[in-house]
Amino acid sequence: MNYKILCVDDEQIILDALDRLLRHVGYQYILTAHSGELGLGILENNQDADVIIADEKMGDGMSGSQFLKESMIFCPDAIRIQLTAYSDSDILVEAVNEAKIFRHVRKPWNNKQLVQTVQEGLKQRLLKRRENQRLDKMTRAAKYYRAESVRLKKENQELASNLDQLQESIGQTASKTNQSFLDTLLFTMQYVNPTLWQHSRRVGKWCRLMADAVVEDGQSSTAFPADILEMAGVLHDIGKLKFPESLWRIPVVDLSEDQKKQVSMHVEDGLWLIRRLPDEVRKILRKPIRQHHERRDGKGYYGIFLDQIDDWAQIIGIVSDYDNFRFSKLHGGPLGPLEVIEKMKEDVYSPSEQIGKYNERLFDVFENLSTNISDVELDRTESVELPSIQDVTPGKILAEDLYTVKDIFFLARNHMIESSDIEKMRIYEDEDNGVRNIWVQSSQE
Ligand SMILES: [Fe+2]
C-alpha cells in the first residue's frame, strides 16, 4: 500500500517493532525518527506523510504531544496516533485538542488493534478528503455560477441596452423614411397636380392640429399620433392622381352616376398607391384612407355609419370637407371660414335627417380650432410655381432647388433671388439651357 508512515520513538526496539508490523501488513513506505526534532526534520521534506505515530515519552527531548502538535505545520491532514503508557486523562485530552490526535494506543499495544487503528484513520482521512473534494467542487461550482450569473446579468443588460438603441434607431430610421416618403409624394403631387397638393397639404396640417386638440380636449381615449394622422391627411386623396383631366373640371353637383363612381375609385386607388409603405404604417393608414368619405348618416361610399367609422377617417372627413368648401370651385367654393362652419353645422345637427354627417364632439373641436387659426398660418410655407423667368423678380425666395433644362444645378432652395441671378437665367435661356420649374415661397408673392 502506497501510504507514507512516520514512526517516532526514542527506543530503536520500538521503531523496529512498528516497522516490522506495518511492513508485514503491506505498508511499504515507513520512515522512522528517534526524537520529535528529527521527526519534524523528516516531515519538512515529506509533507505528504499519511500517518504519524509517536510515543508520548521520549527521554529529555520533545514530548510526543508536542511533536504531534508541531507536525501539523507540515502535515495538517495526516493521521496522528499517540503511543502512551500513561493513563493521565488530562494529558490525553490536551493531546486530542491541541495536536488533533486521531487515537491513543496504549503501550504495549495489541498488534491487531494498532493496525486496525491505522486503517480506520486512513479510511476516515480518505472519507474526509473526498468530502473536502466534494465541498471544494461545490464551492468552485457555486463560485463559477455566481460569476456566470453576474456575467449573464451584465450581458443581458448590455443586450437590453443594445436592443433599446436598435429599436430607437429603427424607430428614427422608420420615422425619417416615412417623412421622406411623404415629402416625395407631396413633391410629386405638387408637380403633377398643384390643386390636389394644396388640398392634401392643408388637410394634413389640419389633421396634425386635430390630433393634438382632440387629445388636449380629453374627449378621446384613442391615441392620435400627430405624425401619422398628418400622413393620413396628406395621403387621403392620393388616389386622385389617377383622375383624368376632365374630372377636375366638373362641379361635384354636376357629376353623372358613372363619373361619381369614377371619383369614388380614388379611395381604392389610394390604398393601392400606399402598398409599398412599411406594413406597420400601411396598417394604420388603411382605415382612415378607405373610410374618409363615410359619413355618420350612412350615405358615404360604403354605407358605413355612426361609430363604425374609424375615428381618424371621421377627422379627415370633417377637415377635408371644410377645405373643399373653403377653396374648391368644384365643391361650391370658395367660401369664408365662418360661412363654411355654418354650412357644415347644418349637417352636424340635422333637424330633418335625425343623424348628422359629422361626429359632434370632433366637429366642436375642429370649429374651435378653425376660429383660432388663419389661412395664412396654415399656409405659411406654401410655394407656387412661376410660369417663366419673366415672372421672376429680385427678393423672391426659392422653395425648391433650381435646375436648368439640361439638368445642371443652378441655385439652391431657400436662396433669395438677386438681379444678377435673373441675368444669368436669361443668358442660359439664350443658349437653349434655361431654368425650369421655378418654385418660390408664396409669402414672397
Ligand atoms: Fe377623398
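**Exposed loops, packed helices and two nonpolar cores**

Asp 432 is exposed, since 9 other C-beta atoms lie within 10 Å. In this predicted model, Asp 432 sits in the loop between α14 (419-430) and β9 (435-436). The backbone here deserves a second look: phi of Asp 432 is near 60°, a positive value in a residue other than glycine. A little further along comes Asn 437, in the loop between β9 and β10 (438-441). Asn 437 also has a positive phi, of about 50°, although it is not a glycine. With 13 other C-beta atoms within 10 Å, Asn 437 counts as partly exposed.

Such backbone details are worth pointing out because most residues other than glycine have a negative phi, and most peptide bonds are trans. Cis peptide bonds also appear in the model. One joins Lys 107 and Pro 108, with omega about -10°, and Pro 108 belongs to the loop between β5 (103-106) and α5 (111-192). Another joins Gly 333 and Pro 334, with omega about -5°; Pro 334 lies in the loop between α10 and α11.

Turning to the interior, nonpolar side chains tend to be buried together in soluble globular proteins. The largest nonpolar core here has 33 residues, and those with the most contacts inside it are Cys 207, Met 210, Ala 232 and Val 319. Several helices each supply at least two residues of this core, namely α6 (194-217), α7 (226-235), α9 (279-290), α10 (311-327), α11 (337-348) and α12 (360-372). Leaving aside residues up to four places away in sequence, Ala 232 touches Cys 207, Leu 285, Pro 288, Ile 289, Trp 312 and Ile 316. A second, separate core has 29 residues, including Leu 15, Val 51, Ile 79 and Leu 83.

Helix packing can be followed with α2 (residues 36-45) and α3 (residues 64-71), whose axes are 10 Å apart and meet at an angle of about 15°. The two helices are therefore roughly parallel to each other, and α2 passes α3 in a right-handed crossing. On the α2 side the contact is made by Gly 36, Gly 39, Leu 40 and Leu 43, and on the α3 side by Gln 66, Phe 67, Glu 70 and Ser 71. By class, this contact has 3 nonpolar, 4 polar and 1 charged residues. Helix α3 is mostly covered, with 6 of its 8 residues buried; Phe 67 and Ser 71 are among them.

Just ahead of this helix, Asp 60 is found in the loop between β3 (51-55) and α3. Asp 60 counts as exposed because it has 6 C-beta neighbours inside 10 Å.

Terms used
Residues are numbered from 1 along each chain as its sequence is written. This is a predicted model: local features need pLDDT of at least 70, side-chain atom pairs count only at pLDDT 80 or more; totals for chains, interfaces and linings use all residues. A nonpolar core is a set of buried Ala, Val, Leu, Ile, Met, Phe, Trp, Tyr and Cys residues joined through C-beta atoms within 7 Å. A residue is buried if 20 or more other C-beta atoms lie within 10 Å of its own, exposed if 12 or fewer, and partly exposed in between; C-beta atoms are placed from the backbone. Helices (H or I, at least four residues) and strands (E, at least two) are DSSP runs, numbered from the N terminus. Two residues are in contact if their C-beta atoms, placed from the backbone, lie within 7 Å. Axes are lines fitted to C-alpha atoms, for helices over the stretch in contact, and angles run from 0 to 180 degrees between N-to-C directions. Angles under 35 degrees count as roughly parallel, over 145 as roughly antiparallel, 65 to 115 as roughly perpendicular and the rest as oblique. A crossing is left-handed if the near helix is turned anticlockwise from the far one by less than a right angle, and right-handed if clockwise. Ala, Val, Leu, Ile, Met, Phe, Trp, Tyr, Cys and Pro count as nonpolar, Asp, Glu, Lys and Arg as charged, and the others, Gly among them, as polar.
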